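Take a look at the model below and turn it around a few times. After that, we'll walk through it together, from the outside in and back out again.

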Amino acid sequence: MLRHCQRLTAPCRGHLRTARVPVGAILQARTLIQPSFDYRFISENADLLEANALARNVRDSHPHRVAKLYDEYRSLQTSINESRSSLNTLSKELGELAASKRFPRSEDPASGLDKIGKEKAMENLRDNARIIKATVQGYEVRLSAVESHLRYEAAKLPNLTHPDTPVGDETQARTVRIHGSLHEVAKVPSDGVNTSDLSDQDFKDHYDLALNLGIIDMEAGAQVAGSRFHYWRGAGALLELALVQYAMTRAVSAGFTPHITPDIARSSVVDACGFRPRSNAEEARLHTEMSGSDPTADSHSSGESSQIYRVTPVAEESRHEEGAAADPLCLVGTAEIPLVAMKQQQILDKGALPMSLAGLSHCFRAEAGARGRDTRGIYRLHQFTKVELVILSRPESSDHELTRLLDFQTGLYADLGLTFRVLQMPTQELGASAYQKFDIEAWMPGRKAWGEISSASNCTDYQSRRLGIRARLPVSRKGGAAGQAPQFVHTLNATAVAVPRLVVAILESFQRPDGHVVVPEVLQPWMMGISVLAPDS
């Protein structure tokens with residue numbers, strides 16, 4: 001039994017149980033994957049980064065604080081280096097004095113030191129060395145605290161934003177293009193849910209269609225796992241498998257290497273990919289530990305509930321293993337996470353780029369805050385199957401690769417026969433990692449609304465800096481000489497098939513007046529001879 005980012009107080013009879021994380025250990029756990037932030041760039045562009053965060057409605061991002069901490073960090077490093085230099089000088093003087101064989105009879109300083117004077121001088125040097133060592137230790141303790149706070153604050157900065165991105169909330173999304181004609185109606189509504197120009201045909205809701213067809217069982221899902229879990233049955237199970245096969249076949253033909261990924265990832269990996277694996281209460285405690293200030297006096301979180309499920313093996317929890325508690329396991333919300341992270345802390349050969357990956361996984365999302373018609377049927381579920389595409393590219397090629405992903409997606413949905421639109425998403429709809437994002441929405445006539453079926457994002461070096469993914473790429477050296485050096489790659493991701501959303505679009509778009517549904521021709525090779533979904537199929 002699972003509950004997102006909360007401790008389960010009731011006894012658990014299964015193999016997994018949620019667990020409270022000692023927040024102070026979270027940053028320690030991240031030493032497994034040490035992020036490489038460009039603090040100099042942040043310091044020199046703090047005003048730009050602050051304006052960028054405000055445009056994205058990110059309230060817990062403080063680039064000027066990062067700049068101040070970086071100045072303190074550098075100052076402490078300088079003080080440590082200077083103190084160590086003084087300590088080395090003292091050690092050298094102490095060694096020379098100890099090795100000296102001068103024992104003149106005269107106590108005149110000009111003629112040297114006698115034995116007693118020499119011992120006193122050596123003791124003075126030792127006292128000074130002890131004082132400097134203690135000073136260095138104090139500096140190092142402070143440096144460690146400042147470094148942790150610096151990383152903590154830098155990690156909260158969102159990615160930069162593509163200059164073409166519309167500014168504002170979801171209402172500012174820009175329609176790039178519309179494909180298809182909505183049941184032979186010439187005018188497809190491009191904004192809102194104005195249906196005045198649509199066909200008079202009475203389109204049924206996907207859930208009513210699915211229940212009539214007998215392809216889904218939500219009641220059994222609720223009894224076994226809780227609300228918004230489901231069973232596919234009969235032709236519904238075949239339809240999911242057909243969509244997965246269709247997407248994977250097309251992806252492989254387009255040069256993507258297929259993977260079946262883990263459904264679980266470490267919390268530090270989830271965090272590094274731009275997803276928030278902590279509750280608001282944990283964020284507040286972490287803020288207090290890092291800054292020492294009252295979290296109520298400073299906006300420390302986005303205010304949104306985490307969508308991540310956290311799990312801990314019961315046997316591991318009973319042993320109180322510190323490593324597991326510091327970096328707990330999370331159920332992934334997308335195969336993007338394990339696909340990108342599989343290359344963590346690697347330096348790739350330039351010939352390996354672009355690296356095109358396709359991953360099949362189950363996806364788990366708490367969907368906290370969801371309500372209304374979005375929770376009806378299978379439109380918004382806690383668990384679903386998805387095929388995700390990920391590309392690792394050279395920095396100068398990532399814009400081209402994003403276009404490549406969009407072309408793949410639109411070809412996939414056009415061949416399914418869907419009516420859909422491509423939207424360039426505005427600043428407030430970008431996740432922390434996204435530099436630029438496009439959503440694709442299908443027209444769902446039963447819902448009388450557009451519904452998101454996929455997205456595509458360019459994350460530039462946001463994830464690669466946090467996961468240590470680099471490639472040996474050409475660089476220009478001093479004097480114009482050519483060479484190679486490790487550089488952070490750019491990462492991109494796109495949804496190929498999110499099964500439930502596409503099933504909603506298919507059921508509502510290809511329904512017949514008798515409640516039967518035509519299976520898109522491109523899916524029929526995997527449907528075991530079923531071309532029309534009917535109650536007896």
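The accessible surface of the protein chain comes to about 25,700 Å², and carbon and sulfur atoms account for 50% of that. Keep in mind as you look that this is a predicted model. Of the chain's 537 residues, 49% count as buried. As for the building blocks, you'll find 16 helices and 19 strands in the protein chain. Contacts often reach far along the sequence, too: among those between residues at least 6 apart, 73% join residues at least 24 apart.

A good place to get your bearings is an open sheet of 8 strands. Read across it and the strands come in the order 2-12-13-14-17-11-10-5, with mixed pairing. Which strands stand at the edges? They are strand 2 (174–179) and strand 5 (257–260); each has a single partner strand, so one side of each is left without a neighbour in the sheet. The sheet isn't flat-on from strand to strand either: neighbours are turned by 25 degrees against each other on average, if you ignore direction.

Zoom in on the strand 5 edge. Strand 5 runs parallel to strand 10 (residues 355–364), and 4 bridges join the two. One residue to look for here is I260, whose bridge partner in strand 10 is L360.

Now for the helices that pack on this sheet. Helix 8 touches strand 5, strand 10, strand 11 (383–393) and strand 17 (490–498), and its direction makes about 10 degrees with that of strand 11. Helix 16 (residues 499–509) packs on the sheet as well, touching strand 11, strand 13 (436–444), strand 14 (449–458) and strand 17. The direction of helix 16 makes about 40 degrees with that of strand 17.

Let's go inside. In soluble globular proteins, nonpolar side chains tend to be buried together. Here, the largest nonpolar core has 61 residues, and L507, L523 and L533 are the ones with the most contacts inside it. Helix 8 (residues 235–253) turns up again at this point, since the largest share of the core, 10 residues, comes from it. There is also a second, separate core of 25 residues, which includes A335, L348, L353 and L357. What does L533 touch, leaving aside its neighbours within four places in sequence? Its contacts are L213, A235, L239, L507, H516, V517, V519 and M527.

Next come the charged side chains. Side chains of opposite charge can pair when their charged atoms come close. The structure holds 18 salt bridges, and helix 5 (residues 115–155) is a handy place to see some. R126 and E123 both lie in that helix, 3 residues apart, or about one turn. They form a salt bridge, with their closest N and O atoms 3.6 Å apart. R126 is partly exposed, with a relative accessible area of 33%, and E123 is likewise partly exposed at 33%.

Further along helix 5 are R151 and E147, 4 residues apart, which is again about one turn of the helix. Their side chains meet in a salt bridge at 2.7 Å, N to O. E147 counts as partly exposed, at 24% relative accessibility. Then there is the salt bridge between K156 and E153, with the closest N and O atoms 3.2 Å apart. Are these two buried or exposed? Both K156 and E153 are buried. Some salt bridges share partners, and in that way E123, R126, D127 and R130 are joined into one network.

Finally, a few backbone details are worth a stop. The peptide bond from L353 to P354 is cis, with omega near -5 degrees. You'll find P354 in the loop between strand 9 (346–348) and strand 10, while L353 is one of the residues of the second core.

Two other spots have a positive phi without being glycine. For N57, phi is near 60 degrees; this residue lies in the loop between helix 3 (46–55) and helix 4 (63–99). N57 is partly exposed, with a relative accessible area of 46%. For Q345, phi is about 55 degrees, and its place is the loop between helix 13 (336–341) and strand 9. Q345 is exposed, with a relative accessible area of 52%.

Technical notes. Residues numbered from 1 in each chain as written. Predicted model: local features only at pLDDT ≥ 70, side-chain atom pairs only at ≥ 80, totals over all residues. Heavy atoms only, no water. Core = buried A, V, L, I, M, F, W, Y, C linked by side-chain atoms within 4.5 Å. Buried < 20%, exposed > 50% of the residue type's maximum accessible area, 1.4 Å probe, protein only. Contact = heavy atoms within 4.5 Å. Salt bridge = Lys/Arg side-chain N within 4 Å of Asp/Glu carboxyl O. Areas by Shrake-Rupley, 256 points an atom, 1.4 Å probe, with all protein chains shown as cover. Pairing = 2+ DSSP bridges. Axes fitted to C-alpha atoms, helices over the stretch in contact; angles between N-to-C directions.
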